[in-house]
Amino acid sequence: MGWLRCRSGIALQRHRFSVQKAATIRSPCVVFMEIYLLVLLQVSSCIISIVEGLPFPAPNLDNCLEFETCCTPILSIAKPTAPIKFKFQTYLPRRIRPAAHLVDDAYIAKYQRAVERMKALPDTDGRSFTNQWKLHCLYCDNHLYFENETHPYPLEIHKSWLFYPWHRLFVYFHERILARLIDDDTFALPFWNWDNQSPELPQGNVVPKVYAEKRSLYADCINTTSSLYDETRNPCALLPEGMVSFQNPESCPARANASEVRASNAHATFVQVVGVGVTPLLFHGGPYRLGDEGGGGSGAMEVVPHGTVHHWVNQKKMVSYRDSAADPIFFAHHANMDRLWEVWKTLPGGIRKDVSDPDYLNTEFTFYDENGGLVTVSVAQALQLDLLRYKYQEVANPWLANGAAPGNFNSEWKMCNSEINSRSQIAALIANTKPLQDPVNFTMGPLTFKVERNPNCSPEYGEEMLEVIAEVDNREPFAITAYAFHPEAWIGESFGCGEYLGNMGSAPHRGMSPTLRQGEFVMRIGIRRQLELIGMEHEASLVVTLTGSAENLKSILITGARVIYSKE
Ligand code: C2O
């Protein structure tokens with residue numbers, strides 16, 4: 001208990017994935033802990049697990065700080081009863097969530113009707129469409145908080161390991177409410193298969209008809225405009241042939257570039273899921289426990305493609321944490337994220353498993369269930385897909401197959417550095433590149449440096465990762481792209497390049513703790529798979545180039561970079 005008391009009064013975070021040290025009052029207890037941690041860190045160069053902090057208990061939705069007018073309607077709801085603990089509804093039929101681009105008009109009509117009824121519910125009902133999107137807002141931007149001896153700790157479900165389970169449960173209850181409203185327990189939400197780059201019709205990586213159709217497809221509709229249509233979407237997303245671009249979310253790729261965009265999207269998906277997210281924490285995101293000032297960093301897919309798909313489809317709503325879930329396509333977007341999480345777990349490697357930390361498993365959330373009552377659910381429950389009784393329609397994941405076998409480099413994923421055609425050119429590039437010495441202000445990216453590897457490190461050491469340490473202003477968004485052996489890479493360099501290693505980044509959240517503003521940020525990405533694909537896995541040094549946009553990078557100081565090996 002002494003340990004916990006000590007923990008609760010301080011803001012020292014020793015995240016294995018992303019460290020944000022907040023400067024708060026240093027009690028003797030804090031100093032002791034810092035020394036203790038330092039000693040632990042000294043005795044081993046490996047990453048050490050220390051379970052500290054606590055799981056988040058189910059939040060009370062009334063403990064809401066008003067930043068963005070998300071609390072009020074929820075507060076005014078006459079809640080029928082105190083929250084009950086969620087029990088698996090094993091009596092439900094098993095639902096198959098269909099690919100959104102493959103559903104027929106009968107399905108569209110049924111789904112439209114369900115959402116129309118949800119939109120017609122009064123705001124005194126927690127199941128109303130408004131309350132649904134406001135619930136997402138509540139869990140974002142630090143609206144909800146927990147009382148503490150010293151100050152309230154806010155809860156934020158992005159940028160940490162809570163990202164996947166929270167969104168899974170949010171989509172789950174949304175689906176159950178819709179099913180209840182049309183009295184059909186077989187109803188399952190569709191998933192937006194934006195990772196499917198096939199040009200065959202109907203395409204997966206455009207806004208599917210179910211959301212693009214303007215008209216209500218059933219006779220007794222209240223409204224002739226489809227409840228799933230949102231006119232605030234970006235112009236490109238409203239075009240029937242408007243294709244998602246993970247790299248340039250504000251662009252409307254011309255037909256002439258279509259195959260390039262497809263290759264870039266496929267490669268980005270492959271790199272983030274297969275290459276970057278090789279361990280539980282790299283895929284899910286950093287640790288985040290009660291008492292932490294913020295989440296430990298985003299997992300492999302949260303920035304790209306998750307964030308860029310949000311941005312591409314709707315800049316009015318989907319680009320803000322507050323309004324995201326007010327566009328119905330949000331739910332299909334997150335169903336696809338949820339599906340890809342399951343796909344990820346089937347990949348070889350042995351350590352692509354869910355996080356097993358008890359603080360993760362025992363964290364709880366509060367939702368409205370299909371009866372309009374409050375229900376509390378644990379992360380451990382969210383992991384039991386079988387008992388939640390839904391799964392996904394099987395679809396091909398060609399981006400996965402293309403790069404699955406070592407050395408099987410897909411020729412569409414071209415090498416972009418034309419200067420390198422031989423081993424002697426690689427050797428010269430390595431010899432001419434300096435390691436990072438002093439901290440570098442990144443405003444003027446691209447930034448090229450070399451880091452040493454241990455290319456023959458045995459698997460017992462864990463997965464190979466590039467770790468970049470930076471001082472950042474957490475109020476500023478940033479996105480950094482990393483390339484290997486490609487010093488000419490520029491801000492617009494394609495994600496389709498073989499040299500593309502992955503993305504790291506952060507988006508600011510309103511209402512965050514003031515102590516979080518300036519902090520150290522540790523970004524990690526798995527790199528071994530990408531190096532194998534381009535035949536560079538045996539080089540003892542890695543030449544890294546980081547690019548990012550100047551506007552976003554004004555507050556970043558890169559203080560270190562290295563290659564590490566870890567199983568976490
Ligand atoms: Cu809560 Cu896609 O975001």
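**Exercise 1.** Which residue of β12 stands opposite Y483? Place that pair in its sheet.

*Solution.*
- Start with the pair: Y483 stands opposite Y500 in β12. The model is a predicted one.
- Next, take the strands. β11 covers residues 478–484 and pairs with β12 in the antiparallel sense, over six bridges.
- Backbone hydrogen bonds join the strands of a sheet, in either a parallel or an antiparallel way.
- Now widen the view. The open sheet has four strands, ordered β9-β14-β11-β12, with antiparallel pairing.
- Find the edges: β9 (447–452) and β12 (500–506) each pair on one side only.
- Finish with the twist, which averages 25° from one strand to the next.

**Exercise 2.** Locate Q315. Is Q315 buried, partly exposed or exposed?

*Solution.*
- Q315 sits in the loop between α11 (302–313) and α12 (329–345).
- Its relative accessibility is 36%. Partly exposed lies between the 20% and 50% limits, so Q315 counts as partly exposed.
- Look for contacts, leaving out residues up to four places away in sequence: Q315 touches N234 and E250.
- Check one distance. P249 is 66 residues from Q315 along the chain, and their C-alpha atoms are separated by 9.5 Å.

**Exercise 3.** Describe the protein chain as a whole. How many helices and strands are there?

*Solution.*
- Count the elements: 18 helices and 15 strands.
- Turn to burial. Of the 568 residues, 61% are buried.
- Then the surface: the chain exposes about 22,000 Å², and carbon and sulfur atoms supply 55% of that area.
- Last, the contacts with a separation of 6 or more: residues 24 or more positions apart account for 78% of them.

Terms used
Residues numbered from 1 in each chain as written. Predicted model: local features only at pLDDT ≥ 70, side-chain atom pairs only at ≥ 80, totals over all residues. Heavy atoms only, no water. Helix = DSSP H or I, 4+ residues; strand = E, 2+ residues; numbered from the N terminus. Buried < 20%, exposed > 50% of the residue type's maximum accessible area, 1.4 Å probe, protein only. Contact = heavy atoms within 4.5 Å. Areas by Shrake-Rupley, 256 points an atom, 1.4 Å probe, with all protein chains shown as cover. Pairing = 2+ DSSP bridges. Axes fitted to C-alpha atoms, helices over the stretch in contact; angles between N-to-C directions.
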